[in-house]
Amino acid sequence: MKLQDSVIAITGGGQGLGRAMAVSLAAKGARLALIDLNEERLQETVALCEQAGSQARYYLCNVAREADVETTFAGIVNDFGKLDGLVNNAGILRDGMLIKAKDGVVEKRMSLEQWQSVIDVNLTGVFLCGREAATKMIETGVKGCIINIASISRAGNMGQTNYSAAKAGVSSMTVTWAKELARYGIRSMAIAPGFIATEMTGSMRPEALDMMTKQIPLRRMGQPEEIAHTVAYILENDYVSGRVIEVDGGLRV
Ligand code: NAP
């Protein structure tokens, strides 16, 4: 895919990895459709994309709501005339142990709300946006690409029953879509980041972050631009599909 004049939608495009992807793709000439919940941050990202030399619009949309997603993708195709790529990047954390017990007494459990909220955004949101993007690409005859942001936690991680399950689901949906959508010329890929310096990891306890960083062979957290670089590589390389690329400084779960 040529990035110049392509139209790329990014969920969670208001901040963090989504913002870094948007600005880096804008600098390569892509036009951006930014999807998120926070209008102020979306406006800031639009301005940054324009400073980087391209056009961007924003769409307030909860990726977990079917009607929101349908309206948003119809709006994107109406506004830009086409859709070449989608990065399913919006995600949340609601960490907690499945069970916390002491001396045979269960003190705390992961609540159904904790489980469901993460599944809704991180798994159902990816399904809804991926389905809608593929629909629009097929209807407009675009041979596009869908990139899902998974996580190294997809292999299973303490305190992340909900998040790990969602990210494992996202990884296998990626492979399924690559197989199903290839007949329409649509590729599907995933990126599994390790620990990247964003607002999401900024909310972790400093001691926990320090402990994690010590376990990374490259001895540092990744930068959002390093994930953005991988997004551009996937979009530009028409022979990658159906795989999960780990970008984690050598950290393996
Ligand atoms: P972030 O800074 O928290 O940004 C995520 C964005 O998604 C926020 O702007 C958030 O908006 C938005 N969002 C949340 N729920 C949404 C919904 N229902 N509909 C639309 N937008 C929604 O996170 P990040 O670190 O950039 O992470 C981006 C992705 O990378 C996530 O999928 C995450 O799981 C994955 N990831 C991150 C890391 C890391 O180390 N940072 C590692 C592995 C994977 P609000 O703030 O308004 O909720």
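Here are some exercises on this predicted model, each with a worked solution.

Residues are numbered from 1 along each chain as its sequence is written, and side-chain values use heavy atoms, with hydrogens and water left out. Because the model is predicted, local features need pLDDT of at least 70 and side-chain atom pairs count only at pLDDT 80 or more, while totals for chains, interfaces and linings use all residues.

**Exercise 1: the ligand shell**

Task: Work out how many residues surround the ligand and which are the closest, then find which helix gives the most to the shell.

Solution:
- Step 1. Take every residue with a heavy atom within 4 Å of the ligand. That gives 29 residues, and the closest are Q15, D36, R41, Y163 and T198.
- Step 2. Look for polar contacts, meaning pairs of N or O atoms within 3.5 Å; within protein, one must be able to donate a hydrogen and the other to accept it, and residues adjacent in sequence count only if both atoms are side-chain atoms. Polar side-chain atoms of three residues come up against ligand oxygens: T198 at 2.5 Å, D36 at 2.7 Å and Q15 at 2.8 Å.
- Step 3. Check the coverage: on its own the ligand has 890 Å² of accessible area (Shrake-Rupley method, 1.4 Å probe; for residues, only the protein chains shown count as cover). The protein covers 90% of that.
- Step 4. Assign the shell to elements, using DSSP runs numbered from the N terminus (helices are H or I, at least four residues; strands are E, at least two). Helix 1 (16–27), helix 5 (161–181) and helix 6 (199–202) each give two or more residues. Helix 6 gives the most, with three.
- Step 5. Sort by chemistry: 14 shell residues are nonpolar, eleven polar and four charged. Here Ala, Val, Leu, Ile, Met, Phe, Trp, Tyr, Cys and Pro count as nonpolar, Asp, Glu, Lys and Arg as charged, and the others, Gly among them, as polar.

**Exercise 2: the nonpolar cores**

Task: Find how many residues the largest nonpolar core has and which helix gives the most to it.

Solution:
- Step 1. Join up buried Ala, Val, Leu, Ile, Met, Phe, Trp, Tyr and Cys residues through side-chain atoms within 4.5 Å. Buried means under 20% relative accessible area, exposed over 50%, and partly exposed in between (1.4 Å probe, protein chains only).
- Step 2. Count: the largest core has 36 residues, and A9, I35, F73, I76, L83 and I146 have the most contacts inside it.
- Step 3. Map them: strand 1 (7–11), strand 2 (31–36), helix 3, helix 4 (112–139) and helix 5 give two or more residues each. Helix 4 gives the most, with nine.
- Step 4. Zoom in on I146. Leaving out residues up to four places away in sequence, I146 has contacts (heavy atoms within 4.5 Å) with residues including L86, A134, W177 and M189.
- Step 5. Don't miss the second, separate core: it has 31 residues, including C49, A56, I227 and V240.

As background, in soluble globular proteins nonpolar side chains tend to be buried together.

**Exercise 3: T11 and its backbone partners**

Task: Decide whether T11 is buried or exposed, and find which backbone nitrogens its side chain meets.

Solution:
- Step 1. T11 lies in strand 1.
- Step 2. Its relative accessible area is 2%, so T11 is buried.
- Step 3. The T11 side chain has a polar atom 2.8 Å from the backbone nitrogen of N89, and it reaches the backbone nitrogen of A90 at 2.8 Å.
- Step 4. Farther along the sequence, T11 also touches other residues, among them I35, V63 and C129.

**Exercise 4: side chains in loops**

Task: Place N62 and S111, then find which backbone nitrogen each side chain meets.

Solution:
- Step 1. N62 sits in the loop between strand 3 (56–60) and helix 3 (66–80). Its side chain reaches the backbone nitrogen of A64 at 2.9 Å.
- Step 2. S111 sits in the loop between strand 6 (105–109) and helix 4. A polar atom of the S111 side chain lies 2.9 Å from the backbone nitrogen of Q114.
- Step 3. With 30% relative accessible area, S111 is partly exposed.

**Exercise 5: positive phi**

Task: Find where D5 and D103 lie, and what phi each has.

Solution:
- Step 1. D5, in the segment before strand 1, has phi near 70°.
- Step 2. D103, in the loop between strand 5 (99–102) and strand 6, has phi of about 50°.
- Step 3. D5 is partly exposed at 45% relative accessibility, and D103 is exposed at 75%.
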